[in-house]
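Please follow the chain in the structure shown here, moving from a loop to the strands beyond it and then to the ligand.

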Amino acid sequence: MQRNVKTKKTRRSGTTKRTSPRRGKPASKKPSAVWDQAAQWYDALVGLKGSEYQKAVIFPGAMQLMQLKKGETVLDLACGQGVFSRYLSQRKMKVTGLDTSEEMIRFAQSRSDASIRYEQGDAQDDRALQGKTFDAVVCLLALQNIESLPPVMHNVKRWLKPGGRFVMVTTHPCFRIPRQTHWGWDEQKKIQYRRVDLYGSESAIPILTPPFAQANSFTVTYHRPLQSYFEAMAEAGLCVNGLEEWTSHKTSEPGKRAKAENRARQEIPLFMALRAVPASV
Ligand SMILES: C[S@@+](CC[C@H](N)C(=O)[O-])C[C@H]1O[C@@H](n2cnc3c(N)ncnc32)[C@H](O)[C@@H]1O
């Protein structure tokens, strides 16, 4: 499906005026319903231990950024079918998983033991996990699927104990924007380059899930420029103290362009990870 429904210039005087993607077409379905439809496909993709990228890049990277001690409490925000919750639990953390999709939570419970507590709830809802606090909150590959950042960041601040850490990982907002960034080949220079057609505007991009499914089975990727993430965190009282950009672990099969492809893969990051802590006032 190639419907690109919401792209609007929003930059003014160095601040981002957020356009509510709610006014765009793709958010016409509730996120829970959208992800309920995709749950079986996503569960098959990720399985018990994670996809290739999760296992090689995301889980070890997030673990290092979180600086956890054994026995600490962790909220896996938008936990999906619980793949990272299980990873954390195996490393002796006390884990709670929250996700808006009932189907995802059902898969998570069926694949995990009872020591992990799963709850259905919306990360944007200020009533979610009322009264609960954690040593760390982690959100992997999911903020880009959530419509509004400010309420999520306010909740993250509310859920963090003093000294707590928030770690988020997204596909890189500068270089990995669905349908707006592409690899290209420069024949003269013999280099593979990354083309970026849109960056500064927030946009809501429907993605067919699973690929090749019916047109009404889609999830939404909310693209935001970096300043939107920093603004939402700062407004919520979160202070970024770590940023990492992770490249793919893959290499090309030997061939004419393999060297250029490998170089491009190492130069243009695939994921961005941020760590934030409650700001001290
Ligand atoms: C791409 S999956 C990532 C799941 C998991 N974090 C992982 O790394 O496998 C995105 C998840 O975000 C969840 N989600 C989307 N909107 C949400 C919201 N408003 N509140 C909580 N979860 C949400 C979806 O249900 C889905 O499970």
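In this predicted model, the loop that joins strand 6 (117–120) to strand 7 contains Gly 131. Is this glycine buried or exposed? Gly 131 has 5 C-beta neighbours inside 10 Å, and because a residue counts as exposed when that number is 12 or fewer, Gly 131 is classed as exposed. Its C-alpha atom lies 8.1 Å from that of Trp 159, although 28 residues separate Gly 131 and Trp 159 in sequence.

Strand 7, which spans residues 134–140, pairs with strand 8, residues 160–171, in the parallel sense, and 6 bridges connect the two. Between strand 7 and strand 8 the chain passes through helix 5 (residues 149–159), and the resulting β-α-β crossover is right-handed. Within this pairing, Val 137 stands opposite Phe 166 of strand 8.

Strand 8 also pairs with strand 14 (residues 271–278), here in the antiparallel sense and again over 6 bridges, with Val 167 standing opposite Arg 275 of strand 14.

Turning to the ligand, one finds 20 residues around it, of which the closest are Trp 35, Ala 78, Gly 80, Ser 101 and Ala 123. Helix 1 (31–46) and helix 3 (83–90) are the elements that each give two or more residues to this shell, and the largest share, 3 residues, comes from helix 1. Sorted by class, the shell around the ligand is made up of 13 nonpolar, 5 polar and 2 charged residues.

Note on methods. Residues are numbered from 1 along each chain as its sequence is written. This is a predicted model: local features need pLDDT of at least 70, side-chain atom pairs count only at pLDDT 80 or more; totals for chains, interfaces and linings use all residues. Two strands pair if DSSP finds at least two bridges between them. Helices (H or I, at least four residues) and strands (E, at least two) are DSSP runs, numbered from the N terminus. A crossover is right-handed if, with the strands pointing away from the viewer, the path from the first strand over the helix to the second runs clockwise. A residue is buried if 20 or more other C-beta atoms lie within 10 Å of its own, exposed if 12 or fewer, and partly exposed in between; C-beta atoms are placed from the backbone. A residue is near a molecule or strand if its C-beta atom, placed from the backbone, lies within 6 Å of it. Ala, Val, Leu, Ile, Met, Phe, Trp, Tyr, Cys and Pro count as nonpolar, Asp, Glu, Lys and Arg as charged, and the others, Gly among them, as polar.
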